[in-house]
Amino acid sequence: MSQHDAEAAVIGVGSIGSMALWRLAGRGVAVHGFDQFGVPHDRSAMGGETRMFRSTSPREPVYVPFGAAALTLWRELEAQTGRELLRLNGELVLGPASAAHIVNVLESVRAYGLEHELLDTEQIAARYPQHRVWPGDIGILDPNAGYLRPELAVLSAAQRAQELGAVVHTYTPVLRVEIDADGVSVVTEDRTFRYGRVIVAGGPWVDRLAPELAGKIQVRRPILVWYAADDPAAYTPERFPIALRPEDDGFYAFPSLDGATVKVGPTGPFKQVVPDPDLLERTVGIDEVRTLDAIVARCLPGLHPDPVRVSAHMDGYTSDNRPIAGFAAGTDRVVLLGGFSGLGFKYAPAFGEAGTELLLDGSTTFDLKPFAPDRDLAAWD
Ligand SMILES: Cc1cc2nc3c(=O)[nH]c(=O)nc-3n(C[C@H](O)[C@H](O)[C@H](O)COP(=O)(O)OP(=O)(O)OC[C@H]3O[C@@H](n4cnc5c(N)ncnc54)[C@H](O)[C@@H]3O)c2cc1C
């Protein structure tokens, strides 16, 4: 039997991989992490200052247990590192009562008995004048929602994993992962490493290391835009919960962290497809933000609808908008975690834990059936 460099490895120490690394190291496993860039970095899915966390789900109730588990794990990581990573300043979900996201949030609330508050149009206008409301709008306030600090979270998980004995190879692209009867070879330009088991968490690049996912991941380029506030005091975390109004021309918004600007992102079909994640276009053109500027002018009247800062990122999307999480085809040595389709950060430690359980125990307490890598996913063109 060939000599192993360590018991396990995680390829991609990004949002999900850093958490898997931390969970594996916490189980006492000798583990190596590999990233093609530094840890953290801003060249893929994790950058841009903040990520939303919520306990409800505007998509499907299937995510609620992941939110609950993630909350516990975020708190555990904070306790272990002494850093504030998640601030629960609430979420205001807005829209007409019949809108799909409102129906879905209420379904998740009912299915799991989640804490929430329902607001009618007048109550929203009185309590949150930062938002323009229209007759028939309702608001759902989730007190167990808020914002994460993604860069600090990834750094914290990776550092804590290293304190627990993990080794991180930065600026080390993995070229291939090869599985055989004795273990897994992780091939880099300089040398081939050997492990018993591997988690592949390559984000927008995940299909390059998992040929079975070829064509099943579409890389898209969400942008983030910061707008100056007339009265920044109205947008502090205490007064301005994270917000979601994802109708056709929809947006999400965060409280001001710099006391001057508010970050807004578009939820509509404005995400460009990225043909090659190595060539992410990081310049955001004026034309790209015009639609969001108009949404801001219409829905967030206290913000100047001229961007003062922009950034471009990317994520891998599946055709059913659900992540991929499970064993690679025909092996129990490699777990794939990818295709997080714009929702993964909040659940990162939960998927890191699920991947760890699967890899070490052969099964997991999480329901990963909806995320099976071999489910019927349409191929992208
Ligand atoms: C702009 C934007 C806003 C978002 N907002 C939210 C939000 O508010 N809330 C939320 O929950 N989610 C949000 N998401 C989604 C969430 O951020 C992603 O789903 C999540 O970060 C995906 O994590 P990942 O680990 O799959 O990818 P990444 O974080 O990109 O990590 C993948 C890592 O793998 C490395 N890698 C890839 N291939 C190799 C290789 N061959 N060798 C070595 N290293 C490799 C990469 O360098 C990278 O570090 C948002 C996404 C974007 C882009």
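## Close-up views

**View 1. S341 sits in the loop between β22 (334–338) and α8 (348–361).** Helices here are DSSP runs of H or I with at least four residues, strands are runs of E with at least two, and both are numbered from the N terminus. This is a predicted model, so local features need pLDDT of at least 70 and side-chain atom pairs count only at pLDDT 80 or more, while totals for chains, interfaces and linings use all residues. Residues are numbered from 1 along each chain as its sequence is written, and side-chain values use heavy atoms, with hydrogens and water left out. S341 has a positive phi, near 50°, and is not a glycine. Its relative accessible area is 0%, so S341 is buried (under 20% is buried, over 50% exposed, in between partly exposed; 1.4 Å probe, protein chains only).

**View 2. N321 also has a positive phi, about 60°, without being a glycine.** You'll find N321 in the loop between β20 (315–317) and β21 (324–327). With a relative accessible area of 32%, N321 is partly exposed. For background, most residues other than glycine have a negative phi, and most peptide bonds are trans.

**View 3. The peptide bond from V39 to P40 is cis.** Omega is near 0° for this bond. P40 belongs to the loop between β2 (31–34) and β3.

**View 4. The ligand has 35 residues around it.** To be in this shell, a residue needs a heavy atom within 4 Å of the ligand. The closest are S15, D35, S44, M52 and D315. By class, the shell breaks down into 19 nonpolar, 12 polar and 4 charged residues (nonpolar: Ala, Val, Leu, Ile, Met, Phe, Trp, Tyr, Cys and Pro; charged: Asp, Glu, Lys and Arg; polar: the others, Gly among them).

**View 5. Polar atoms of H41, G342 and F345 meet the ligand.** A polar contact is a pair of N or O atoms within 3.5 Å; within protein, one must be able to donate a hydrogen and the other to accept it, and residues adjacent in sequence count only if both atoms are side-chain atoms. H41 brings a polar side-chain atom to 2.7 Å from a ligand oxygen. G342 uses a polar backbone atom, 3.4 Å from a ligand nitrogen. The backbone of F345 puts a polar atom 3.1 Å from a ligand oxygen. On its own the ligand has 1000 Å² of accessible area, and the protein covers 97% of that (Shrake-Rupley method, 1.4 Å probe; for residues, only the protein chains shown count as cover). Two elements, α1 (15–26) and β3 (51–53), each give two or more residues to the shell.

**View 6. R245 reaches the backbone of R132.** A polar side-chain atom of R245 is 3.4 Å from the backbone oxygen of R132. R245 lies in strand β15 (residues 242–245). Its relative accessibility is 4%, so R245 counts as buried.

**View 7. Y128 sits in the loop between α4 (121–127) and β7 (137–142).** Y128 is buried too, at 9% relative accessibility. Its C-alpha atom is 27 Å from that of S311, which is 183 residues away along the chain.
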